[in-house]
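Work through the exercises below with the sequence and the structure open. Each task is followed by a solution in steps.

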Amino acid sequence: MKAIWIIAKKEYQLAMRSVATYIVLTLFLVITGLFFSNVVFKIGLAELRTLFGIMHVIFIFYIPAITMGSIARERQSGTLELLSTLPIKLSSIVWGKILACLMQLKTLIFFTLVFLAIIAIFGEGIDYGAVICGYLGLILAGTAYISIGVFASSIPSNQILAFVLALVISAFFYVWKFVLAFVPMGLMRQVQYLSFDSHLESFLKGVVDTRDILFFLAVTVVFALLAEFNLQSRNMMQER
Amino acid sequence: MININNLSRSFGTLKAVDKISFSIKDSEILGFLGPNGAGKTTTLRMLVGYLQPSSGSIELDGKSIFADPIATSRQIGYLPEQNPLYDDMTVSEALAYLASLRGMKEALFRERREFVVQNCGLADVLHQRIGTLSKGYRQRTGFAQAILHDPRILILDEPTSGLDPNQIMEIRDLIRTLGKEKMVILSSHIMQEVQALCDRVVIINKGRIIVDDLKDNLGNYMDKSAMLYLEVEGEGIDFSEFIVKHPQMEIAVNATDDTHCKLSLNLPADSDVRQELARFVNEKGWLILEMRTEKQSLEQIFHQLTGDSVLTLDEEDPIQETLIEEQP
């Protein structure tokens, strides 16, 4: 447990020292800001729900960008060999990386509170409950995407490849909702279950459903286990 | 005490390590020698638990190291071939990070940090980013990381590769000092390095052990014979008369042009034909440009044992001369 925290703290500190982090962060805020001002000033709608939907889409690009190096870079620089031979569990490495990225994601979300402040000033009667629910949903979905990203990063030693892989898997879960149109009615519920969007939807409406929370947590755990399994099996398959 | 028994590891159809067995006693420096691709790194990786063996066992004090890998890894300090460094961290941050992952107490860490900084000569670069350091300092940082927790067993994979002669001397001195109280396993493809440091030598080639012996006994594997090289100049050079007289010697004649000739012959331990050869050349009226004998060097024994033709002169120990002075 302690090792997870040590790894996460170090990763987060290093990330906050890197210029790239701030570039990506600024880019994210500029893009969401553009959409936000569109909704607020052109349509004249002071609400965050559209913004949350947009943030979800941007997550699919942003999260692979922060997770791509997590394990791939360690593998490339040989430090994975050091980490794997320290008296810590392989799962601590995986969860430490996930936690570090989650901390980065929360930093990013913290800055989007600016939008909330603007609405609080200009709008009337904000439903804070729905806003908190929306943020909770975003963080849960974000954690699941991070887990996918860390898993993708555990496969190649090339960061770009890890990015693409994470993007593909994440996009699969996002795009899944469009498959619904081609599915017979009877299978609708089962197919819909895999779509991130349908689970996030209820959060954005202000409904916290245990099933949705469990879904995101389950995805997170499954991909974390896959990443751990990957580290283990790669050890065995390692070339000379 | 580490016991390795019938250890094998294959990658697909390639047998990287093939049923090797040896043991290492406490406070012994073991040299693990072999040409590139002989299976050294694979064996060391299995020793630290990074790689699962295909078959065979590795026992530390009678217990398999895979039974409790976490307890095992507490006792091992490992410097892999690819130096594991965090380029974005400073030296002191990296040491602190590893100490906390190893669960070292603050007081112990301070004491050990002082020790490694002093012994690895890192005081000047303690607060520099590792990415900006020179190769020598990087290697020393890697070394510091490996010995930080005062491990009982030290496993070093080619610790001096890529360093300049002075740096190699420093690292070797450090290994020698540490080896007095620790079990050290050191891999290298340089014979002299092993000769200078180790108590015992295991030579491995193509995944198999060829030699497992004390360093001092290595001489037994040495061929006592020597090679004689001769270069002559003159008209109508022809050594056939001489060759006929000495049928037991392997003589190779290599005429470069009409007036130049190089000759090499295998000189058995009990005979010396130099006088006779000189007289022979003199009678013919040729001129001797060069005549020298060469005893078989350690490199050649290694060469012979491993049958490896890749090992050439540029792989020789860069500080060979210093060492010869050191050992009267």
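Axes are lines fitted to C-alpha atoms, for helices over the stretch in contact, and angles run from 0 to 180 degrees between N-to-C directions. The model used throughout is a predicted one.

**Exercise 1. Two helices in chain A**

Task: Describe how helix H8 and helix H11 of chain A are placed against each other.

Solution.
Step 1. Locate the two elements: H8(A) covers residues 128-153 and H11(A) covers residues 196-204.
Step 2. Take the distance and the angle: the axes come within 7 Å and cross at roughly 155°.
Step 3. Classify the angle. Angles over 145 degrees count as roughly antiparallel, and H8(A) and H11(A) are therefore roughly antiparallel to each other.
Step 4. List the residues in contact. H8(A) contributes A:Cys133, A:Gly134, A:Leu136, A:Gly137 and A:Ala141, while A:Phe196, A:Leu200, A:Phe203 and A:Leu204 come from H11(A).
Step 5. Sort them by class: the contact has 7 nonpolar, 2 polar and no charged residues.

**Exercise 2. Where chain A meets chain B**

Task: State how many residues of each chain are in contact, and which helix of chain A supplies the largest share of its side.

Solution.
Step 1. Count both sides: 20 residues of chain A are in contact with 25 residues of chain B.
Step 2. Find the helices involved on the chain A side. Helix H1 (2-17), helix H5 (79-84) and helix H12 (210-237) of chain A each supply at least two residues.
Step 3. Pick out the largest share: H1(A) gives 5 residues.
Step 4. Divide the chain A side by class, which gives 8 nonpolar, 7 polar and 5 charged residues.

**Exercise 3. The open sheet of chain B**

Task: Give the strand order of the open sheet of 6 strands in chain B and identify its edge strands.

Solution.
Step 1. Write the order: E6-E7-E8-E3-E9-E10, with mixed pairing.
Step 2. Look for strands that pair on one side only; these are E6 (76-79) and E10 (208-214) of chain B.
Step 3. Note the turn between neighbouring strands, which averages 15° with direction ignored.
Step 4. Examine one pair. E3 (residues 29-33) and E8 (residues 183-188) of chain B run parallel and are joined by 5 bridges; in one of these strands, E8(B), B:Ile185 is the bridge partner of B:Leu30.
Step 5. Add the helix: H5 (residues 135-147) of chain B packs on the sheet, where it touches E6 and E7 (153-157) of chain B. The direction of H5(B) makes about 165° with that of E6(B).

**Exercise 4. Burial and positive phi in chain B**

Task: Decide whether helix H1 of chain B, B:Ser27 and B:Asp61 are buried, partly exposed or exposed.

Solution.
Step 1. Set the cut-offs: 20 or more other C-beta atoms within 10 Å means buried, 12 or fewer means exposed, and values in between mean partly exposed.
Step 2. Apply them to H1(B), residues 40-47: 8 of its 8 residues are buried, including B:Leu44 and B:Arg45. B:Gly49, which follows H1(B), has a positive phi near 85°.
Step 3. Turn to B:Ser27, in the loop between E2 (14-24) and E3 of chain B. B:Ser27 is not a glycine, yet its phi is positive at about 45°. With 13 other C-beta atoms within 10 Å, B:Ser27 is partly exposed.
Step 4. Do the same for B:Asp61, in the loop between E4 (55-60) and E5 (63-64) of chain B. Phi of B:Asp61 is also positive, near 50°. B:Asp61 has 11 C-beta neighbours inside 10 Å and so counts as exposed.

Definitions and conventions
Residues numbered from 1 in each chain as written. Chains lettered and ligands numbered in written order. Predicted model: local features only at pLDDT ≥ 70, side-chain atom pairs only at ≥ 80, totals over all residues. Helix = DSSP H or I, 4+ residues; strand = E, 2+ residues; numbered from the N terminus. Pairing = 2+ DSSP bridges. Contact = placed C-beta atoms within 7 Å. Nonpolar A, V, L, I, M, F, W, Y, C, P; charged D, E, K, R; others polar. Parallel < 35°, antiparallel > 145°, perpendicular 65-115°, else oblique.
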